[in-house]
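Biologist: I should like to learn how to read a structure that contains several chains. Please begin with the general idea each time, and then turn to the case at hand.

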Number of protein chains: 6
Amino acid sequence: MKGIGYFTISLLLSSESEEKDLIKKLKELGYKVSQGKSGTMDSKELIAAIETTAKREGIFQADCYRDEHVVYHTALSALRGFCRGEIGIGNFLRTIGVKFVVLRGPIDITRRNLGEWVAVGIYGMVGAPVKGFEHEAIGLEINSI
Amino acid sequence: MKGIGYFTISLLLSSESEEKDLIKKLKELGYKVSQGKSGTMDSKELIAAIETTAKREGIFQADCYRDEHVVYHTALSALRGFCRGEIGIGNFLRTIGVKFVVLRGPIDITRRNLGEWVAVGIYGMVGAPVKGFEHEAIGLEINSI
Amino acid sequence: MKGIGYFTISLLLSSESEEKDLIKKLKELGYKVSQGKSGTMDSKELIAAIETTAKREGIFQADCYRDEHVVYHTALSALRGFCRGEIGIGNFLRTIGVKFVVLRGPIDITRRNLGEWVAVGIYGMVGAPVKGFEHEAIGLEINSI
Amino acid sequence: MKGIGYFTISLLLSSESEEKDLIKKLKELGYKVSQGKSGTMDSKELIAAIETTAKREGIFQADCYRDEHVVYHTALSALRGFCRGEIGIGNFLRTIGVKFVVLRGPIDITRRNLGEWVAVGIYGMVGAPVKGFEHEAIGLEINSI
Amino acid sequence: MKGIGYFTISLLLSSESEEKDLIKKLKELGYKVSQGKSGTMDSKELIAAIETTAKREGIFQADCYRDEHVVYHTALSALRGFCRGEIGIGNFLRTIGVKFVVLRGPIDITRRNLGEWVAVGIYGMVGAPVKGFEHEAIGLEINSI
Amino acid sequence: MKGIGYFTISLLLSSESEEKDLIKKLKELGYKVSQGKSGTMDSKELIAAIETTAKREGIFQADCYRDEHVVYHTALSALRGFCRGEIGIGNFLRTIGVKFVVLRGPIDITRRNLGEWVAVGIYGMVGAPVKGFEHEAIGLEINSI
């Protein structure tokens, strides 16, 4: 299955050396690609970083509420998945260091007729505010846009 | 980062032809590996499938409550992440078709001194009970065991 | 404020004699209108009723996954609001008797340039399975479509 | 159905010119009425505004813990419905501008024998901290007092 | 602190031989006392058992919706605390064997002027559907009635 | 049933004069015992107090991530039970004054073969930021360690 989720996760897991080729391939497949990093204890900082990066990379236009609204809810749900339930980081005495990816394009390469979709993925470390006291987590959400 | 989460997700995303080599590599790295598939509208069926498969593949011994308890909660949290919030499938009028992976071994290959951990990953399709009305989702949880 | 939420709630609260005029007015304002009733202890029955009614009234086309997906999530969130937290009816030993409304059209009559949106509203009684042991509740969600 | 929820929602949706007559009618029907506005990113500010306004308008006496406790939980649940799940505003990078209403009186006008009940309703806009990037939401809860 | 919660928990933890004296003491302190047991995988069965037992023991009158509504929500919240989050038993592939207690009387013995309150407590085992694969859990909620 | 949960709750409910004997008995039964108090509106302060106290009393070693991770999640779930759903204190305009207990040892005195487990219990008052406007609550979680 070569879907927007598969591609989002693949880019999340890519090393820096693998990213370049994968991004090139994703663009050829018709995806707009946005990615960034965030280290924070504050949920709203991560959401803001995702939205700002997506806007800058042309995932949505700054003045388009329709699209901003979809990206926002997609990011919020991805974060809910990353947190494995209710959303919270510093308020639960934990900190995160993550990479995030936003893709916009077909839901998968065999269903191009379904119009444009957006995927937000978050992958990285979550843990106590103590060096090395952390493990991995991932979150993903997909919506039409 | 080559952690138990990274490996779990990599195996989840592998095609059937890629699985064999990856499983071999994971075993060389010191992981016990279990995987299976489930198509269901019933949360408890998926949890049961994960536990049964993990038991059969030696992730934990059938008579060890300690380990069963960890695998259970790890599976439940992975499912919560897959559902992006409260757990529910058929009761929310949706159906899933997923692959799941359970790994047991080091938290990552540079922190082997931290003992054994278990990761449960769930990846696949979630959607309406209508053919083709579905998109991808993923869930992952990691605990010491 | 004359928004799609305001109109949805107004129709939910309308008596049978008021409905006809309001629906006529909403259609003149550019809304597609769908409404129905459901008495159930089963969340998925209510969601199915909302989707089926919306489809029949032309809120979305039966073969359009994009739109079905939006209506589904909008209904699910409206139900979450109706339940004031986690979704559950019979599994929490309660029953509901509700009217639901689905509107499709502008987000409000002064922001017609924002394209089409969909609102799902649910209003009615929730209570114990004992006659007269019930009080009102309401849920509403709005998304672009 | 002319219940305390119906009246609460009706007052929430009233324009300033309609409020006066409706409040007069509600008082004649035996309701104590309280309403106010709040624009905030902070859940506790809204809860405090609801409680303070309700106290000032005589919905409950300042020294009565029983009643304060009921109003508090009713407001909290109404906010949960408004948020369509877990409670959060600024921590999820969103802001709200709402009207709230607290009524105290009969559960509905045909069940006056059931003693006094309280309803808290919240209606207004929720959105990104960008002008015009917002849509409507509503929350309602009802308890005996 | 000798509050209704303390007494509820004390009765939950009492052995059969201790119960008699404690119940006698609680009645002298002005409490109505109800207790029972439930072994189930179904949330609504436990809620029904709590309500039925409380009604039979005179915690509330069968025809009093006001009081039934308070007992219901108190039981539901106690169950939420027992489940440590979202409510679910069999749907999460687990089973419970619990004792429950419902008390009605003063919030504590030094605040008798605050009127009548009700506490629901649930204590017992939760675990896999395998003999001996279980650990303890507790839930408690308190409301005015 | 004489389990780690029973002992944790018993210590939570003990008066200062009863604590000494109970702690002595628990140590004889093979438990490590830790307890403390916290008055706060901030969830992360309570979690930090529990972790710090547990570490100081030898429940886990400061440099052991495995054990810290278990204690953290056990505390978080106990807090979720105390809050009877989503975690929140000051953000929901309430304050808490609690005693907490952390025990480490056998799951119960008849199942010593199941290795070491940890229980976190939280008991005390939750209420409005007004003197005397408060009632009791309790939370408990148990995990293998």
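Modeller: Copies are superposed by least squares on the C-alpha atoms of residues with pLDDT of at least 70 in both. The model is predicted, so local features need pLDDT of at least 70 and side-chain atom pairs count only at pLDDT 80 or more, while totals for chains, interfaces and linings use all residues. Residues are numbered from 1 along each chain as its sequence is written, and chains are lettered from A and ligands numbered from 1 in the order in which they are written.

Biologist: By what turn can chain E be laid on chain F?

Modeller: A turn of 180° with a shift of 0.0 Å along the axis lays chain E on chain F, with an RMSD of 0.0 Å. The two copies are thus related as by a two-fold rotation axis. In chain E, the C-alpha of E:Gly81 is the nearest to that axis, 2.0 Å away.

Biologist: Which residue of chain A comes closest to its rotation axis?

Modeller: Chain A is superposed on chain B by a rotation of 180°, with 0.0 Å of shift along the axis and an RMSD of 0.0 Å. The C-alpha of A:Gly81 comes closest to the axis, at 2.0 Å.

Biologist: How many residues does each of chains A and B bring to the contact?

Modeller: Two residues are in contact if their C-beta atoms, placed from the backbone, lie within 7 Å. The contact takes 20 residues from chain A and 20 from chain B. Helices (H or I, at least four residues) and strands (E, at least two) are DSSP runs, numbered from the N terminus. On the side of chain A that touches chain B, helix H1 (4-13), helix H4 (65-82) and strand E4 (134-144) of chain A each give two or more residues. The largest share, eight residues, comes from E4(A).

Biologist: How is a sheet read, and what is the order of the strands in chain F?

Modeller: Strands of a sheet pair through backbone hydrogen bonds, either parallel or antiparallel. Two strands pair if DSSP finds at least two bridges between them. Chain F has an open sheet of four strands in the order E1-E2-E3-E4, with antiparallel pairing. Strand E1 (32-40) and strand E4 (134-144) of chain F stand at the edges with a single partner strand each, so one side of each is left without a neighbour in the sheet.

Biologist: How many bridges join E1(F) to strand E2 of chain F?

Modeller: Nine bridges join E1(F) to strand E2 (residues 95-105) of chain F, and the two run antiparallel. F:Lys32 has F:Arg104 in E2(F) as its bridge partner.
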